[in-house]
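Please open the model in your viewer and keep the selection panel at hand. The stops below move from the overall fold to single side chains.

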Amino acid sequence: MRFAEGDAREVPLAFVMITADIGREGDVLNELKKIEHVKEACLTYGVYDIVAKIEAETWDKLKEVMTSKVRRLTGVRSTLTMIVMEGT
């Protein structure tokens, strides 16, 4: 992912909504917490089972964490990633 200078945060950050297999929510949460770039992860009620906050040094690293680690966890059925562009 590439952004023009000034268009994005200096530190890449994303919130990931995760749908887990039934009964695997706790297992997925525990495995997420072991991933270095996962800063927070919470079980939730509603459409998604887990919300995770992921921060990385670069946009490429953020992409790698999402595709190679988070989405490949056993019990992860689907994800929806929201890239943070600006915040407080």
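Relative accessible area is used here in three classes, computed with a 1.4 Å probe on protein chains only: buried means under 20%, exposed over 50%, and partly exposed in between. This is a predicted model, in which local features need pLDDT of at least 70 and side-chain atom pairs count only at pLDDT 80 or more, while totals for chains, interfaces and linings use all residues. Residues are numbered from 1 along each chain as its sequence is written, and side-chain values use heavy atoms, with hydrogens and water left out.

Begin with the strands, which, like the helices, are DSSP runs numbered from the N terminus (helices H or I, at least four residues; strands E, at least two). Here 4 strands form an open antiparallel sheet in the order β2-β3-β1-β4, where two strands pair if DSSP finds at least two bridges between them. Because β2 (38-43) and β4 (76-83) stand at the edges with a single partner strand each, one side of each is left without a neighbour in the sheet. From one strand to the next, the twist averages 20°, angles being taken from 0 to 180 degrees between the N-to-C directions of axes fitted to C-alpha atoms, for helices over the stretch in contact.

Next select β2 together with β3 (residues 50-55), which pair in the antiparallel sense over 5 bridges; L43 stands opposite I50 in β3. Then add helix α1 (residues 25-32), which packs on the sheet and touches β1 (13-20), β2, β3 and β4, its direction making about 165° with that of β2; contact means heavy atoms within 4.5 Å. Helix α2 (residues 59-70) also packs on the sheet, touching β1, β3 and β4, and its direction makes about 10° with that of β1.

Move now to H37, in the loop between α1 and β2, which counts as buried at 4% relative accessibility. Leaving aside residues up to four places away in sequence, H37 touches K53, I54, E55, A56, E57, K61 and V65.

Finally, look for salt bridges, defined as a side-chain nitrogen of Lys or Arg within 4 Å of a carboxyl oxygen of Asp or Glu; the whole structure holds 5. One of them joins K34 and E31 at 3.0 Å, N to O, with K34 exposed at 62% and E31 partly exposed at 34%. Another joins E40 and K53 at 3.8 Å, N to O, linking strand β2 to strand β3 across 13 residues of sequence.
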